[in-house]
Amino acid sequence: MQYKNRFPERSKGVMMMLIKRIMIVWTAGLILCSLTGCGQSTPTGEMVRNQKTAEEQNEMLEVPVGSSQVKNEQQEMKRTFPTLTQLREEVKEEMGDHYWPDISISEEELERKTGITRDMYIEFLAENMETEANMDMMIIIRAKEDYVGTVEQALEDYRLKMIEENGRYPQNLCKVEASRMETIENYICFVQLGADTTIVSNKGKDEIISYCLEENERAVDILEKAILR
């Protein structure tokens, strides 16, 4: 026995249109769900604020506000360095009549004497006696970071050269042997002082050197305090 189709052709068309609409609505729902995360959406402005807050919190975790690193950086930014003229004046004030250097050494003369060239330092101050019969001098070089060791070696070579040249002049030789070089941060300070050594000249070479060492140590101590304060 054959059964006739219960749904005429028109009914089939209606059903197909209904199914298509259901599929469209269902697909649109899936897309909307995927875009919103199937949950409560967050406004764009609030998402940006949340992201910035998270980044700031991460930075705070990496470097705490009260940490020594932050304090050191703030102190370094606020710190001011003394000028070389200020350093010289403080040494002169401390040494009084025992500071004898009275003439500036030029850039060209510094290079000729020590081999220290302009590209090695930020600034320098150098003084010695107008007459070469006396060896008193002070050199302060604010070296570039990459040249601190080079400047130190150049001044040490210069010192050894002066020792060799003054071997026949005991009083000068004592001053050179008692010279002091001190590196304070990137300031290389070379002091060769002593002024009038006749007050100890009759006590022998060791006493002269000891006397000059004390004078140089006074100058170095003043320089160190002035640079580091």
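By the salt-bridge rule used here (a side-chain nitrogen of Lys or Arg within 4 Å of a carboxyl oxygen of Asp or Glu), the count comes to 15 salt bridges. The model on your screen is predicted, so local features need pLDDT of at least 70 and side-chain atom pairs count only at pLDDT 80 or more, while totals for chains, interfaces and linings use all residues. Residues are numbered from 1 along each chain as its sequence is written, and side-chain values use heavy atoms, with hydrogens and water left out.

**Stop one: strand β5**

Select residues 187–192, which form strand β5; helices (H or I, at least four residues) and strands (E, at least two) are DSSP runs, numbered from the N terminus. Six of the six residues in this strand are buried, where buried means under 20% relative accessible area, exposed means over 50%, and partly exposed lies in between (1.4 Å probe, protein chains only). In a regular strand the side chains alternate between the two faces of the sheet. Show the side chains of β5 and you will find Y187, C189 and V191 pointing one way, with I188, F190 and Q192 pointing the other way.

**Stop two: the partners of β5**

Two strands pair if DSSP finds at least two bridges between them. Add strand β3, residues 137–143, which pairs with β5 in the antiparallel sense over six bridges; here M137 stands opposite Q192 of β5. Then add strand β4, residues 180–184, which is also antiparallel to β5 and pairs with it over five bridges, and look for R180 opposite V191. Two residues lie between the strands in the hairpin of β4 and β5, where E185 takes a positive phi near 55°.

**Stop three: F190**

Which residues, beyond its neighbours within four places in sequence, is F190 in contact with? Contact means heavy atoms within 4.5 Å, and with those neighbours left aside the contacts of F190 are M137, M138, I139, L155, R159, M162, S179, R180 and M181. F190 is buried, with a relative accessible area of 1%. Now select E152 as well: its C-alpha atom and that of F190 are separated by 9.2 Å, although these residues are 38 apart along the chain.

**Stop four: helix α7**

Move to helix α7, residues 170–177, in which N172, L173, C174, K175 and V176 are buried. The buried residues of α7 pack against α6 (148–165), β5 and α8 (205–228), so colouring these elements separately may help you follow the packing.

**Stop five: three salt bridges**

Stay with α7 and show the side chains of K205 and E177, which form a salt bridge whose closest N and O atoms are 3.4 Å apart. This pair links distant parts of the chain, with K205 in helix α8 and E177 in helix α7, 28 residues apart. K205 counts as partly exposed at 42% relative accessibility, and E177 counts as partly exposed at 26%.

Next select R229 and E90, whose side chains meet in a salt bridge (2.4 Å, N to O). R229 lies in the segment after α8 and E90 in helix α4 (residues 84–95), so the pair ties together parts that are 139 residues apart in sequence. R229 is exposed, with a relative accessible area of 62%, whereas E90 is partly exposed at 23%.

Finish with R118 and E107, a salt bridge with its closest N and O atoms 3.7 Å apart. R118 sits in the loop between α5 (107–114) and β2 (121–128), and E107 is in helix α5, eleven residues apart.
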